[in-house]
Amino acid sequence: MDRITLGTRNVSIEFPGVKALSNVNFEIKTGTIHAVMGANGAGKSTLMKVLAGSNPDYTGDVLYNGEVVELRKPAAAKKLGIQIVYQEVDMALIPTLTVAENVMFNDMVMNMGKKQFVNYGQIRKDAKETLARLNVDIDVRCLCGTLTLAQKQMVLIARAVQNECNFLILDEPTAPLSDTETEELFRVVRHLRETQNIAIIFITHRIHEVLQICDSYTVMRNGEIVDTTPITEKTTSKEIVDKMLGRSFEESFPKEACEIGEKAFVVEHLTEKEGRVKDVSMFVRKGEIVGLAGLVGGGKTELCKTLFGAYHKSGGTIKLNGKELNFKNPAEAVKNRIALVPEERRKEGVLVAETVTFNTVAASLDNYCTASFVNDRKAAEKAKEFVKSLSIKTPSVKQKVAYLSGGNQQKVVVAKWLAADSDVYIFDEPTKGVDVGAKHEIFTLINEIAKQGNCVIYATCENSELLSITDRMYVMFDGRVMAELETSKTSEDEIMHYATGATSKYTGN
């Protein structure tokens, strides 16, 4: 098959106070799977948005088969067969439309005005066929707003591959997916490369996946490309990480010992009103980091939201320091000194149109008010403290969060709750979309929170993280706790045993 090339020549782009790309020269050919990697703020997503026509203010040239093309609008990129699936799925899907309508959305928009009537039967048929290519079984009549995060991601990928394309850009595509769903995605990606000569560009922080599926990788740092290399049997994770950070890096997280006190946060027979959490009992001691393990859809996020009052409980009790709590919403949970760093940061964690300062103090505004007025100087000083301690990459605390990279947005969410000074900190996938350097900074902060005698709940699908940072963990399946495990005495195999719903005792066989 003939290879088509797509690339850039001396492409630069600036945001307010930040040079996001600096004279970038990049090229990819169809029929390959290529990873673009780098620390948060390195310029990965910015470069991909240039190729997708979403960053029109670039300087330099975009080249398509060696010819200069103008990609100042997404429609111009799509015309050349360049499709992109963004990480923040809720920003791209329309929750009030059905799965079928979201999958076929591009076709429906293109045909708007050309046809008097919409053939919904054909739309559902085409959407179902597209999802079948991904081995995904989702009712195409369902509203997208009712889907899980993993299902939403698969709908977006289906929308992208439904249109014929030469270049498919996937921004953190596996972040919300289980291992099984990831394998299915990889199968589809290989099929697209081998049978349809499509180039797939992965933007990801999951290095083991890059080594598993990609043919080559590009590393970016500070808006520049520092290396582009084929992947061979000799390529290692440490080699890639060192290039990303520009220094040697120790992969394991050396968890500091914390003094663990008495039981402080106790949950007994907790059941959520809609049945998403079922008869959960657990406890957290002061200074203890307790993990919530399980696959996507196992109930971890649902439990976190129920503990925070975002979902209503129908039974059971929640006690903090011996006092039973009966809050009915997140505002009351905050007053009872409970904090939640949510999984979907742009939707639930930050106000992207507001500044770093405003987001940092949003959960504790009373501490920065005089009468009815916010003390801007005091709030800015607190924000600057967290920008420094969390290494948040921003030109100023006055910068709008929308202009920060995904990882830096996540750090702002963490800063907000650290400023709130809570007793119980619940982290739901806090390192999603965060590079290895930032991940260690977040781990260090969580460790510091525990050392101060607070209770920490850490929910994630990443078993390696649970084994690195927690003291104990509860493994969930279908909204229930299947097992309580001591971290120092368990393994990934035992976690997966219970995460897949096994009721028998793990024997190690």
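**Helix packing, nonpolar cores and positive phi angles**

Helix α19 is followed by Gly 501, whose phi is positive, near 100°. This feature, like the others below, comes from a predicted model. A look back along α19 itself, which spans residues 492-499, shows that its buried residues are Glu 494, Ile 495, His 497, Tyr 498 and Ala 499. An α-helix has 3.6 residues a turn, so residues three or four places apart point the same way. The cover over the buried residues of α19 includes two strands that return below, β21 and β22, along with β13 (289-293) and α18 (463-469).

Positive phi values also turn up in residues other than glycine. One of them is Asp 478, with phi near 55°, and this residue sits in the loop between β21 (472-477) and β22 (480-486). Asp 478 is partly exposed, at a relative accessible area of 43%. A second case is Asp 279, where phi is near 50°. Here the loop runs between β11 (263-272) and β12 (280-285). With a relative accessible area of 42%, Asp 279 is partly exposed.

Turning to helix packing, two packed helices are described by the angle between their axes and the distance between the axes. For helix α6 (residues 120-133) and helix α7 (residues 149-162), the axes come within 9 Å and cross at roughly 105°. An angle of 65 to 115 degrees counts as roughly perpendicular, and α6 and α7 are therefore roughly perpendicular to each other. On the α6 side, the residues that meet α7 are Thr 130, Leu 131 and Arg 133; on the α7 side, they are Met 154, Ala 158, Val 161 and Gln 162. Sorted by class, this contact has 4 nonpolar, 2 polar and 1 charged residues.

What, then, lies in the interior, and which residues have the most contacts inside the largest nonpolar core? This core has 77 residues, and those with the most contacts inside it are Phe 265, Met 282, Leu 303, Leu 307, Ile 338 and Phe 427. Helix α16 (residues 406-420) gives the most to this core, with 8 residues. Phe 265 offers a helpful example to follow on the structure: leaving aside residues up to four places away in sequence, its contacts include Met 282, Leu 307 and Ile 338, as well as Phe 283, Val 284, Ile 318, Lys 319 and Leu 320. Val 424, Cys 455 and Ile 457 are also touched by Phe 265. Apart from the largest core lies another, of 52 residues, among them Ala 100, Ile 157, Val 210 and Val 436.

Notes. Residues are numbered from 1 along each chain as its sequence is written. This is a predicted model: local features need pLDDT of at least 70, side-chain atom pairs count only at pLDDT 80 or more; totals for chains, interfaces and linings use all residues. Side-chain values use heavy atoms; hydrogens and water are left out. Helices (H or I, at least four residues) and strands (E, at least two) are DSSP runs, numbered from the N terminus. Buried means under 20% relative accessible area, exposed over 50%, partly exposed in between (1.4 Å probe, protein chains only). Contact means heavy atoms within 4.5 Å. Axes are lines fitted to C-alpha atoms, for helices over the stretch in contact, and angles run from 0 to 180 degrees between N-to-C directions. Angles under 35 degrees count as roughly parallel, over 145 as roughly antiparallel, 65 to 115 as roughly perpendicular and the rest as oblique. Ala, Val, Leu, Ile, Met, Phe, Trp, Tyr, Cys and Pro count as nonpolar, Asp, Glu, Lys and Arg as charged, and the others, Gly among them, as polar. A nonpolar core is a set of buried Ala, Val, Leu, Ile, Met, Phe, Trp, Tyr and Cys residues joined through side-chain atoms within 4.5 Å.
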